[in-house]
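Biologist: Please pick one part of this model and take me through it closely. Start with how a helix can link two strands, then work outwards to the rest.

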Number of protein chains: 2
Amino acid sequence: VVAEVVGVGRTPASLELARRCGLVDVVTEDVTAGVREAELVVLAVPVGGIPAAVARVASAVGPGCIVTDVGSVKEPILAAGDAAFPDGRFVAGHPIAGMEMSGPAAARADLFQGANWILTPSPRTARGAMHQVASLGTAVGARIVEMTPAWHDDVFATVSHLPHLVAFALMDAVLATERGDERVRYAAGGLRDFTRVAGSDPEMWRDIFLMNRAPTLRVLAVYQDTLNALATAIRTGDGDAVIARLRRAKRAREEMLHRT
Amino acid sequence: VVAEVVGVGRTPASLELARRCGLVDVVTEDVTAGVREAELVVLAVPVGGIPAAVARVASAVGPGCIVTDVGSVKEPILAAGDAAFPDGRFVAGHPIAGMEMSGPAAARADLFQGANWILTPSPRTARGAMHQVASLGTAVGARIVEMTPAWHDDVFATVSHLPHLVAFALMDAVLATERGDERVRYAAGGLRDFTRVAGSDPEMWRDIFLMNRAPTLRVLAVYQDTLNALATAIRTGDGDAVIARLRRAKRAREEMLHRT
């Protein structure tokens, strides 16, 4: 049971909306004042800002306070968290419940119902702190999944960061073609499926790509290989090789829909 | 006003369903018998089969019959159509109203309402035949758009064929990573947006890629350039270059949503 939820933010209008919707009990723009009495702090800021926010929170909270985050890159954030909390009170987390909307108006009581809430402890992370954060996750209906931060960053480079990179590059390429602005008028299926992803926030994604640089570039290399192989099969008119690759892609998709 | 619609197909069950739904008046598996008395033949078969179907229909129809198609590649089909009908009675067409479903059960009375129905005449195409096919399109609520077959194939290589190529290669790459089958379990947004596209029929897409080979490989080269430039910006940690490209992609997407 949580006695009081304090909302700390930069935008008075968002804070006020969150309070009026009943998402938080009190609000403040002052981080130090907001976290001073906290038993658990959840950092939900863009990933690029989390290392600085962890350090700032560490200097303000009491000695028993547990701190967690919801960022989509884990190794660099965990390193910053361990440095700020050498006694292991920082728990690196990533609930998988994103939507393209943001802000308090996008809140939903069932957002985490059935979602995976990933925790990536380091050898330093305190087991008690882990359990506290896991309790928060299960209380809102999520399933707690533990993995190493390195594996987390590889997995999300694959299923999230690479697809975003591909979608951004594709939209960019379409307009870079000759008379690209006329071509996009005829976009029906196909290109349209990429638009939600390519509409994501550029600042947020710059931070994710730069913070998860090595894993993202590794899976990008695998993707470039499969793309080149498919292109070669098309160029040489090798219909059997083309269809073998398309069938494998379709199977991968079915495997994915089946497993999730 | 159409007096009678004859459904010609290979699958008795589909033909019977189409007849019972009222999509066609009579059905047959015999192409020659089905088209013999026709005034207008609409070829709706996978693109790879259209050149052969055009030739077969040409040998069966009467001297006044007009023939059109709905394939998503136009230059090679128009060449086959002009060869089969030297007097210009073949009209190459492409109504943009695709869905991922197929067969008579996916029929909808409003499918073409407000859709672009592209016609790509050659110098040989008879204007009277063009008008007949355009009347069919406008009768079902479509907007007729005329363009050259070469421009059509460039446009659809860009807004449809390349996005499918990219989605197929991405799904293939995901499973090609180490422990890829475990990674896909965590697919939330991002990868999921690509799954409809990558679930498309492999045979159909092999034919499209091979028939529209040159335009598809041309836009693929543009895409590979933008992808490489974005990857280089990430690799060198050039945040300004990354965000400039992501913003341009987001603008391209907004331009697309605005124009269509």
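Modeller: Start in chain B. Strand 7, helix 5 (residues 127–139) and strand 8 of chain B form a right-handed β-α-β unit. Right-handed has a strict sense: with the strands pointing away from the viewer, the path from the first strand over the helix to the second runs clockwise. Helices (H or I, at least four residues) and strands (E, at least two) are DSSP runs, numbered from the N terminus.

Some ground rules come next. Residues are numbered from 1 along each chain as its sequence is written, while chains are lettered from A and ligands numbered from 1 in the order in which they are written. This is a predicted model, in which local features need pLDDT of at least 70, side-chain atom pairs count only at pLDDT 80 or more, and totals for chains, interfaces and linings use all residues; side-chain values use heavy atoms, without hydrogens and water. Chain A averages a pLDDT (the predictor's confidence in each residue, from 0 to 100) of 93, and 98% of its residues score at least 70. The model has an ipTM of 0.89 and a pTM of 0.90.

Back to the unit. Strands 7 and 8 belong to an open sheet of three strands in chain B, with the order 6-7-8 and mixed pairing. Two strands pair if DSSP finds at least two bridges between them. Strand 6 (93–95) and strand 8 (143–146) of chain B are the edges; each has a single partner strand, so one side of each lacks a neighbour in the sheet. From one strand to the next, the twist averages 20°.

Now look at each pair. Strand 6 and strand 7 (residues 116–119) of chain B are antiparallel, with three bridges. There, B:Pro95 faces B:Trp117 of strand 7, standing opposite it. Strand 7 and strand 8 of chain B run parallel, joined by four bridges. One residue to find is B:Asn116, whose bridge partner in strand 8 is B:Arg143.

Chain B has another such unit. Strand 3, helix 3 (residues 50–58) and strand 4 of chain B also make a right-handed β-α-β unit. Strand 3 and strand 4 (residues 66–69) of chain B pair in parallel over four bridges. Along that pairing, B:Val42 stands opposite B:Thr68. In a regular strand the side chains alternate between the two faces of the sheet. Strand 3 (residues 40–43) of chain B has B:Val41 and B:Leu43 on its covered face, and B:Leu40 and B:Val42 on its uncovered one.

Follow the chain past strand 4. B:Gly71 sits in the loop between strand 4 and helix 4 (75–84) of chain B. B:Gly71 is buried, with a relative accessible area of 4%. Buried means under 20% relative accessible area, exposed over 50%, and partly exposed in between (1.4 Å probe, protein chains only). Setting aside neighbours within four places in sequence, B:Gly71 is in contact (heavy atoms within 4.5 Å) with B:Val47, B:Ile50, B:Ile77, B:Gly93 and B:His94. B:Pro86 is 15 residues from B:Gly71 along the chain, and their C-alpha atoms are 20 Å apart.

Turn to chain A. Its open sheet of three strands has the order 3-4-5, with parallel pairing. Strand 3 (40–43) and strand 5 (90–91) of chain A are its edges, each pairing on one side only. Helix 5 (residues 127–139) of chain A lies across strands 3, 4 and 5 of chain A, at about 55° to strand 4. For such angles, axes are lines fitted to C-alpha atoms, for helices over the stretch in contact, and angles run from 0 to 180 degrees between N-to-C directions. Helix 4 (residues 75–84) of chain A has buried residues: A:Ile77, A:Leu78, A:Ala80, A:Gly81 and A:Asp82. They pack against helix 3 (50–58), strand 4, strand 5, helix 6 (149–176) and helix 9 (202–211) of chain A.

Finally, put the chains together. A turn of 180° and a shift of 0.0 Å along the axis lay chain A on chain B with an RMSD of 0.0 Å. The two copies are thus related as by a two-fold rotation axis. Copies are superposed by least squares on the C-alpha atoms of residues with pLDDT of at least 70 in both. Of the residues of chain A, A:Asp193 comes closest to that axis, with its C-alpha at 3.0 Å. Both copies use the same surface: 100% of the contact residues of chain A recur in chain B.
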